[in-house]
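I sat down with this one today and kept short notes as I went. Here is what I looked up, entry by entry.

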Amino acid sequence: MARNPVTWLGVPAFPEAAHEALADSQLRRNLRHATHTIRDKRTRVVSEVPDWEELRRAGEVIKDDVLANLDTYLERLEAAVTARGGVVHWARDAAEANEIVLRLVREAGTDEVVKVKSMATAEIGLNEALEAGGVTAVETDLAELIVQLGHDRPSHILVPAIHRNRAEIRDIFRREMPGAPADLPAEPRALAEAARKHLRQKFLTAKVAVSGANFAVADTGSIMVVESEGNGRMCLTLPETLITVMGLEKLVPSWRDLEVFLQLLPRSSTAERMNPYTSVWTGVTPGDGPREFHLVLLDNGRTQTLADPVGRQALRCIRCSACLNVCPVYERTGGQAYGSVYPGPIGAILTPQLVADPHDKQAASLPYASSLCGACFEVCPVRIDIPEVLTHLRAKTVAAKPKTSPEKLAMTALGKVFHDPRKYEAAQKAGSLARYLVPGGKITKLPWPGSLWTDSRDAPLPARESFRTWWRNNRG
């Protein structure tokens, strides 16, 4: 079975990676400052909308309708794009999508492309595939550019370089960016100006641009990208050929449905009332914009995710990253510990389903990267019940283990104890003896398998007497 590049090779399972990240105090300071700033702003702009909960429910209903009728809407989209001069390609997995894009770039006669920020192309490892084929991909989103020049990996869906501070970005630009001043200061305006000058020539000379898509309108074949910097607008209008890689689930049925999502997305992502740049194109328009438009519709595990009645709600995701900004686990470990292009709570439920490989220990560990506090569900603009999916995926992981696994043997034994009142009471009495064996009022270290608990947290001592004993002594 071919490896799905949703997860990164060489990254350990989440518990080990998180343990390493927790030791980086600078990372934790960067993350705390950035996530608290974004979520506080989000709270303010959301409070301005009196029907916010109704909008969330509308987004949920529209997305569920799309997933329930995905085949119909996809065929409608293909017909509309084709009728307006575009070409639609279907890719079952990352390898097929990368092959299609590389072929189209070669047919355009160039060895360099400019890119709009895209989670789908990161998911399939497009940059690496293009590089292997002799094509250079230039990221034009500022945060993605920082990650690319720093030979780094992204750590946030919306702000990929959230783990970097201004001094670190200045050092990366001085070291890696052609033409960057040697005395470049760590001021936002100066850093943005250096990036602008670096990218300007790329925009003006590029023959091919590659983008993702925030939404696609099935009725008209229109594709939409929203962004904050203007780099997307340059990529979508100047090159001769535009290639869009889009997950199958990014559809909305009609233009009217965009009214809902263009209120939900900016407030939930960048904490803005509206996106500074909203670009929409429909096929090819002679004399205006690219002369060729190719739409690559990507499956890459989405149809198998759709088959799971509980897990499919992950496909509602509009990539706003609100769940990351409120997650106590993400705030302390950062995104790279998840070992996937999709970090945070949404990554913990989406990545394992897209990968669907029981031998991928990294993906299998992600449903456990949560305290199940529920904050992610409270802020999700399309009401994905992430805790429900997390527990569902955990249950599937446990069910897949052999009957002779230590966990299943232990649970079988506990089941027999809990089923018999006399055995249960005897176990409680035996447990209460631990109070006399362990000083200090808490259990800090247990032998395996109890060490799996005490390695990261203390265990409380059993009560002096059980509730049953108390009731018998006080209520007769």
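Before I use any labels: helices here are DSSP runs (H or I) of at least four residues, numbered from the N terminus. One reminder to myself is that the model is predicted.

**Entry 1, a helix and its surface.** I went to helix H20, which spans residues 406-419, and found Phe 418 in it. Is Phe 418 buried or exposed? I read a relative accessible area of 56% for Phe 418; exposed means over 50%, so Phe 418 counts as exposed. I then checked its company: Phe 418 joins Met 411 and Leu 414 in a nonpolar surface patch of about 330 Å².

**Entry 2, a sheet.** Next I traced an open sheet of 4 strands, whose order is S8-S5-S6-S9 with mixed pairing. Its edge strands are S8 (251-252) and S9 (277-282), each of which pairs on one side only. I followed S9 to its neighbour S6 (residues 222-227): the two run antiparallel and are joined by 6 bridges. For one of the pairs, I noted Trp 281 in S9 as the bridge partner of Ile 223.

**Entry 3, the whole protein.** Stepping back, I counted 24 helices and 12 strands. The C-alpha atoms fill a box of roughly 90 × 55 × 50 Å along the principal axes. How does the radius of gyration sit with a compact globule of 476 residues? I got 25 Å where such a globule would have a value near 23 Å, so the two agree. Buried residues make up 50% of the 476. Of the contacts with a separation of 6 or more, 75% are between residues 24 or more positions apart. Last, I noted an accessible surface of about 23,300 Å², with 55% of that belonging to carbon and sulfur atoms.

Technical notes: Residues are numbered from 1 along each chain as its sequence is written. This is a predicted model: local features need pLDDT of at least 70, side-chain atom pairs count only at pLDDT 80 or more; totals for chains, interfaces and linings use all residues. Side-chain values use heavy atoms; hydrogens and water are left out. Two strands pair if DSSP finds at least two bridges between them. Patches are made of residues with over 30% relative accessible area and no salt bridge: like charges are joined within 9 Å, nonpolar side chains (Val, Leu, Ile, Met, Phe, Trp, Tyr) within 5 Å. Accessible areas come from the Shrake-Rupley method with a 1.4 Å probe; for residues, only the protein chains shown count as cover. A salt bridge is a side-chain nitrogen of Lys or Arg within 4 Å of a carboxyl oxygen of Asp or Glu. Buried means under 20% relative accessible area, exposed over 50%, partly exposed in between (1.4 Å probe, protein chains only). The radius of gyration is taken over C-alpha atoms; the globule rule is 2.2 Å times the number of residues to the power 0.38. Contact means heavy atoms within 4.5 Å.
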